[in-house]
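Please look through the sequence and the model below before reading on. The paragraphs that follow go from the whole chain to its core, then to one pair of helices, and finally to a few single residues.

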Amino acid sequence: SLTLSKTGAILEAVAGIESFSGELGETVLSLLVDFYALLGQQYYESEDYSSAARYLASALEHDPERRDLVGLLQWSRYRLGKTEGLVMFLLEEYERSPDPKKASIYLDILRETGQTEKRVLFVADLSENSDPELRRLAAEDYFDRGWILRAALTDDSEGTCYSGCSRPEFD
């Protein structure tokens, strides 16, 4: 975490670089992007999401391929009430590299933002996935909505509260 004096020094360095009227070399430009990224991170951590978004956007103007900065920018905007960019980013991240953690975060944001249609479609896709952890996420979502049989049919592994519900037994 940057101290206030270091933040001030970085702000001064950024102001100096930005005021330069000539062409910035690759090294200086890379340094500027790093400064913007540091400031964006610092402002995000201090919950000044507007400043964080401004510096992260500046960094991305020069280096648009930095997925870490894109993500932090979208989280900053999300904290400012602009949700759609984060929703799209999280889906892209999941599609680039599907895993249960990314799927879970995406589902949480869909729930928080009330995007039921996207959530239903995503959960349906998860329920068909070959990864048992992703199917379990789908089953848990079905269970949370009261669809116990659907949950059990999606993931009937032992240890879940809906285990066995798809195979009723009568005495």
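Of the 171 residues in the protein chain, buried residues make up 36%. The model is a predicted one, and its secondary structure comes to nine helices and zero strands, so that a reader who follows the sequence from start to end meets the pattern α-α-α-α-α-α-α-α-α. The accessible surface of the protein chain comes to about 10,300 Å², and 52% of that area belongs to carbon and sulfur atoms. As for how the chain meets itself, among the contacts between residues at least 6 apart in sequence, 37% join residues that are at least 24 apart.

From the whole chain we can turn to its interior. In soluble globular proteins, nonpolar side chains tend to be buried together. Here the largest nonpolar core has 42 residues, and those with the most contacts inside it are Val14, Ala103, Phe122 and Leu126. At least two residues of this core are supplied by each of α1 (4-19), α2 (26-45), α3 (49-62), α4 (67-79), α5 (84-96), α6 (100-112), α7 (116-127) and α8 (132-144), while α2 gives the most, with eight residues. Ala103 can serve as an example of what such a position looks like: when residues up to four places away in sequence are not counted, Ala103 touches Tyr94, Phe122, Leu126, Leu134 and Leu137.

The next step is to see how one pair of helices is arranged. Two packed helices are described by the angle between their axes and the distance between the axes. For α2 and α4, the axes come within 11 Å and cross at roughly 35 degrees, and the crossing in which α2 passes α4 is left-handed. On the side of α2 the contact is made by Ala37, Gly40, Gln41 and Tyr44, and on the side of α4 by Leu69, Leu72, Trp75, Ser76 and Arg79. Sorted by class, this contact of α2 with α4 has five nonpolar, three polar and one charged residues.

Arg79, which takes part in that contact, has its place in helix α4. Is Arg79 buried, exposed or partly exposed? Its relative accessible area is 43%, and because the partly exposed class lies between 20% and 50%, Arg79 counts as partly exposed. Leaving aside its neighbours within four places in sequence, Arg79 is in contact with Tyr44 and Tyr49. The C-alpha atoms of Arg79 and Asp48 are separated by 9.5 Å, although the two residues stand 31 residues apart along the chain.

Leu73 is also found in helix α4, but its surroundings can be read from another set of values. At 6% relative accessibility Leu73 counts as buried, because buried means under 20% relative accessible area. Not counting residues up to four places away in sequence, Leu73 touches Ala53, Leu56, Ala57 and Leu60. Its C-alpha atom is separated by 8.8 Å from that of Tyr49, a residue 24 places apart from Leu73 along the chain.

Two further residues, one in a helix and one in a loop, complete the tour. Arg54 has its place in helix α3 and is partly exposed, with a relative accessible area of 46%. The C-alpha atoms of Arg54 and Gly40, which are 14 residues apart along the chain, are separated by 7.5 Å, and Gly40 is one of the residues that α2 brings to its contact with α4. Glu47, by contrast, lies in the loop between α2 and α3, where its phi is near 65 degrees, a positive value in a residue other than glycine. Glu47 has a relative accessibility of 58% and therefore counts as exposed, since exposed means over 50%.

How values were computed
Residues numbered from 1 in each chain as written. Predicted model: local features only at pLDDT ≥ 70, side-chain atom pairs only at ≥ 80, totals over all residues. Heavy atoms only, no water. Core = buried A, V, L, I, M, F, W, Y, C linked by side-chain atoms within 4.5 Å. Buried < 20%, exposed > 50% of the residue type's maximum accessible area, 1.4 Å probe, protein only. Helix = DSSP H or I, 4+ residues; strand = E, 2+ residues; numbered from the N terminus. Contact = heavy atoms within 4.5 Å. Axes fitted to C-alpha atoms, helices over the stretch in contact; angles between N-to-C directions. Left-handed = near helix turned anticlockwise from the far one by under 90°. Nonpolar A, V, L, I, M, F, W, Y, C, P; charged D, E, K, R; others polar. Areas by Shrake-Rupley, 256 points an atom, 1.4 Å probe, with all protein chains shown as cover.
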